[in-house]
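User: I have a model open and would like to go through it with you. Could we begin with how its elements are named?

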Amino acid sequence: MTCKICGAEAVPIGSKMGTHHKQLFCFERCESCGFTFVANPWTDYAQIYNEAYYRGEGPDPWIDYVFELEHPESTIRIHEWQGILEVVQQLTKVSGQTKWLDFGCGNGGLVRHVKKAVGCEIVGFEEGWAADQARAKGIPVMRESDLASHDGTCDVVTAIEVIEHVDDPVGVLQRIRKLLKPGGVLFLTTGNAKPQRGKILDWGYAVPEIHISFFEPETLSKAMQKAGFSTQNRGFLRGFDAILRYKILKNLKKREAGGWESLIPWGPVTRMVDRTHQVTAHPIGIATDNS
Ligand SMILES: [Zn+2]
């Protein structure tokens with residue numbers, strides 16, 4: 001198949017049976033830009049991202065959106081929300097006038113957290129069951145049909161663990177670019193495929209029912225640049241310790257923050273974990289002036 005990032009020819013690197021949805025998923029890799037992708041993704045999104053998925057009964061058993069929505073102060077997710085806000089505050093000034101859109105916001109936990117913490121204008125974008133749950137709680141979550149009215153108005157877009165789910169990453173990045181003002185900031189998180197070279201099928205993140213696009217930092221830079229961003233590599237910014245703290249606790253299946261986990265020296269622990277997984281090596285996107 002042709003690489004969706006750079007147009008070079010990708011080669012098959014193996015296949016993997018889905019654990020939740022019994023289908024053989026074929027992985028291909030582009031040697032030119034490092035993009036790895038599932039060539040035959042399961043695209044019945046209504047089937048994948050249903051209530052069971054968000055309850056942690058789907059392909060990702062570690063997620064727990066229902067608890068997070070009901071317990072925003074005690075869920076481990078609060079570490080991630082705090083960390084994201086801290087990172088974004090180092091990328092741009094966040095004030096009451098800042099317009100921030102969380103693209104692929106799930107049930108809007110980050111939206112609610114940031115609104116409460118800094119009072120800026122923040123909205124989410126999501127479709128499906130999780131979005132309905134958020135709206136029922138009064139969290140502003142837009143539908144696809146509302147998105148165009150926000151074009152060119154955003155200072156910040158976040159896309160937290162979103163890009164690995166989509167089969168047209170450049171198209172999604174272009175959609176995000178349209179939402180931003182020139183100079184606006186895109187902060188996204190996704191796994192880093194670079195340390196997994198040669199063993200990507202064994203990577204725990206390679207859950208092919210849901211994760212279908214895998215990026216090395218250079219691949220993501222290329223995709224962002226193609227979509228109208230300049231890129232910056234800022235490394236381990238303050239806040240990544242909290243983001244990684246959440247990820248580690250999620251993998252340990254811990255649900256509530258506090259208790260023994262607050263005794264862990266997270267600073268050195270998260271730096272050590274990042275040396276292996278290198279999630280902070282991914283670029284930040286700055287919307288270029290496309291006039
Ligand atoms: Zn490529």
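Analyst: Helices, here DSSP runs of H or I with at least four residues, are numbered from the N terminus. The model is a predicted one.

User: What follows helix 5, and what is the sign of its phi?

Analyst: Helix 5 is followed by G119, which has a positive phi, near 65°.

User: Which residues of helix 5 are buried?

Analyst: Helix 5 spans residues 109-118, and its buried residues are G109, L110, V111, R112, H113 and V114.

User: And what do those buried residues pack against?

Analyst: Two helices are among the partners of the buried residues of helix 5, namely helix 3 (65-70) and helix 4 (77-91). They also pack against strand 4 (99-103), strand 5 (121-125) and strand 7 (154-160).

User: Turning to the sheet, what is the strand order?

Analyst: The order is 6-5-4-7-8-11-10, in an open sheet of 7 strands with mixed pairing. Strand 6 (141-142) and strand 10 (229-232) each have a single partner strand, so one side of each lacks a neighbour in the sheet.

User: How many bridges join strand 5 to strand 6?

Analyst: Strands 5 and 6 run parallel and are joined by 2 bridges. F125 has M142, in strand 6, as its bridge partner.

User: Now the whole chain: why does its radius of gyration agree with a compact globule?

Analyst: The chain has 18 Å, and a compact globule with 291 residues would have a radius of gyration near 19 Å, so the two agree. Of the 291 residues, 44% count as buried.

Methods. Residues are numbered from 1 along each chain as its sequence is written. This is a predicted model: local features need pLDDT of at least 70, side-chain atom pairs count only at pLDDT 80 or more; totals for chains, interfaces and linings use all residues. The radius of gyration is taken over C-alpha atoms; the globule rule is 2.2 Å times the number of residues to the power 0.38. A residue is buried if 20 or more other C-beta atoms lie within 10 Å of its own, exposed if 12 or fewer, and partly exposed in between; C-beta atoms are placed from the backbone. Two residues are in contact if their C-beta atoms, placed from the backbone, lie within 7 Å. Two strands pair if DSSP finds at least two bridges between them.
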